[in-house]
Every structure is written in structure tokens, then in C-alpha cells.
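Open the model in your viewer and keep the selection tool at hand. This tour goes from stop to stop.

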Amino acid sequence: MKVLFTVFSASGNTLRVAKLFSERLSERGAECETVRIREDMAAPDVASADTLVIGYPVHGFNAPQNVADFAKGLPECENKVYYIIKTSGEPLHVNDASSRILDRILKKKGYIKRGEFHYVMPYNMIFRHSDDMAALMWQAARNTAPADADKIFAGEEAQLKAGLLAVMTRFVVAVEHKAMPYLGRLFKVKKEKCISCGKCAKLCPMLNIEMKDGLPVFGKNCIGCTACSFNCPADAISIGVLNGWRVNGAYKFAPPREGLTRKDVCNYWRGSYIRYFREHGIELNKE
Ligand SMILES: Cc1cc2nc3c(=O)[nH]c(=O)nc-3n(C[C@H](O)[C@H](O)[C@H](O)COP(=O)(O)O)c2cc1C
């Protein structure tokens, strides 16, 4: 069985989770290949894969614009089976309809969706999750990804049902994609902090950053993924009107500390995170 993973990941979360899947599938004897979704990627060889997996982070309750565009560029492939692996910062069902546009595009090209897996990983925008939260999320993913990967191996159905609230929210917030090229023009570098390493330009999946005189210059093609500002080693990038939501620096993803309790879960949607952890094999005590 040949499985082709096509993954977009700005801060590495989706890629990490997709890797858990590919490791398990490889253990089972599947031949796995992973390609990153970027503007300069070579056309992936979808035709020779038995199963296609598309990985993406939820952006404004939708798949990111570049992932939808990637799907538009895929060849027609009658009856090609695909699965989706997505990550988001909050464990809310309002994220459940995020693949709608993607699914519509792929259906027209003859692809057949078999399932969708949703994992919660730390925010790369909005606020920084604590190291304890990141550790719990990562443990949750490690607990359940192997069983989910086995579903792909067996070609099992694993559909995610979206309620009306998710469908409506996705529709309304989709406007974010239209606004991002404009909001992206407000991204700026703090000259006094920039160390001219060029990491932002190298990591931008849209090739939207050019280094001029040692400083990044932002173009008109931003999708707001925050690969530049999240990964900047000097935290030198301000993301315009979104700056209050900027998160900088990789998470540690250590194993959870001994004795973590519900008190270590963030206040924001605490009940939903506790439920998510329980559903992914982590029972947290009250005290
Ligand atoms: C522009 C943008 C929009 C986002 N929108 C959502 C959202 O609607 N819901 C959510 O739970 N997380 C949202 N997030 C958080 C990411 O989905 C989450 O941190 C994800 O794991 C990042 O994965 P990556 O490292 O693979 O890019 C958003 C992040 C960005 C940058």
C-alpha cells in the first residue's frame, strides 16, 4: 500500500501529527511519502498512490487558502481515496466543517473521502498555550494516532460529522481568507531586533517574503499562517492588526509532568479540553 501525505504546516504541529500516522503506517508495511504544501513544491505523484492524505491546520474554521488552491491544482483521479488530518488550537466542534471547500473541490475531481481526523495542538496564533497544555496535547495525539492510522491502513470509514453551527461559522469566517493578503501587508520587521537570518523568507510557504538589504520585505500573497513570526529566532516580526495574537517560539512537547490535574488546563474552554484529553486516553483528576 502506498500512502502519499501532502501536508501544510506553519509551526510544525500538523506535520508532527502526520508523522505519527506515517510512522504507524510504515510499521504496518505501507510505503509512505510526505511532501510539504508550498508554492514551489513539485506536482505530487497522486496517481501512483493508493491513498492520499491531506494535512492542514484549521485557519478561521476553514482549511487554509493555500491548501484549497493545492486541491484545485491536483489532477482528476477517479475513485482516489483520501483522508484528512487536521490540527487546531481549540477542541471545539465549531471546527468540524473546516474541510467543506476542500471536499467540494476534490469531489468534482473524482476523489472519494474516507475519513477525517482532528487533533488539538497548541496555538500558533491567539495565545501561547502553557508547556503543560502542549505536553498533554502531544500525549493525546500519541495515544490515538496509531489507532487512527490503522483505520487508514484498513481503508475504514472515519467521517467527521459537522453540525449547523460549524457549517455557518465556517461560511461566515471564510472572509478571513479574502482579508489576509491585505492584512499581510501590515506585517513588519522590527529592524533593531532582526538578525538578518532569512529564516522567515525561507519558511514562508507562499514565497511572499524577500530579503532586501538584510531585512524581510513582505509581499501581497500572505495567508496569515504565521510561519514567519512564529519561527523568528529574534521575535522580530510584528503581524499588524493581529499582533496581539502573535505567538513566537517552538513548543517543547516534553512528556506530561507527573501529577498534572484539571487545574493545569487553561481556563479558556477548560471543559472542552478536559473532554478532549479524556477521549484521547488522558484522565485528569480534579486536584
Ligand atoms: C490564521 C490562523 C487562524 C487560525 N484559526 C483557528 C481556528 O479557527 N480554530 C482553531 O482551533 N485554531 C486556529 N488556529 C490555530 C492553528 O490551527 C493551530 O495552532 C494549528 O495546530 C497550527 O498547526 P501548524 O503548526 O501545522 O500550522 C489558527 C491559526 C492561524 C495562524
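The stops below cover the sheet, a helix pair and the ligand.

This is a predicted model, in which local features need pLDDT of at least 70, side-chain atom pairs count only at pLDDT 80 or more, and totals for chains, interfaces and linings use all residues. Residues are numbered from 1 along each chain as its sequence is written.

**The sheet.** Select the five strands (DSSP runs of E, at least two residues, numbered from the N terminus). They form an open sheet in the order E2-E1-E3-E4-E5, with parallel pairing. Strands pair here if DSSP finds at least two bridges between them. E2 (31-36) and E5 (112-120) are at the edges with a single partner strand each, so one side of each has no neighbour in the sheet. From one strand to the next, the twist averages 20°.

Now select E3 (51-57) and E4 (81-88), which pair in parallel over seven bridges. Pick Gly55: its bridge partner in E4 is Ile85.

**The helix pair.** Next, select H1 (13-27) and H4 (131-154). Helices are DSSP runs of H or I, at least four residues. H1 and H4 pack at about 55°, with axes 8 Å apart. Axes are lines fitted to C-alpha atoms over the stretch in contact, and angles run from 0 to 180 degrees between N-to-C directions.

**The ligand.** Finally, select the ligand. 23 residues surround it (C-beta atom, placed from the backbone, within 6 Å). The closest are Ser9, Ser11, Thr14, Pro57 and Ser88. H1 and E4 each supply at least two residues of this shell. Domain 1 (2-170) and domain 2 (186-245) both give residues to the shell, so the ligand lies between them. The domain bounds come from an automatic or database domain assignment.
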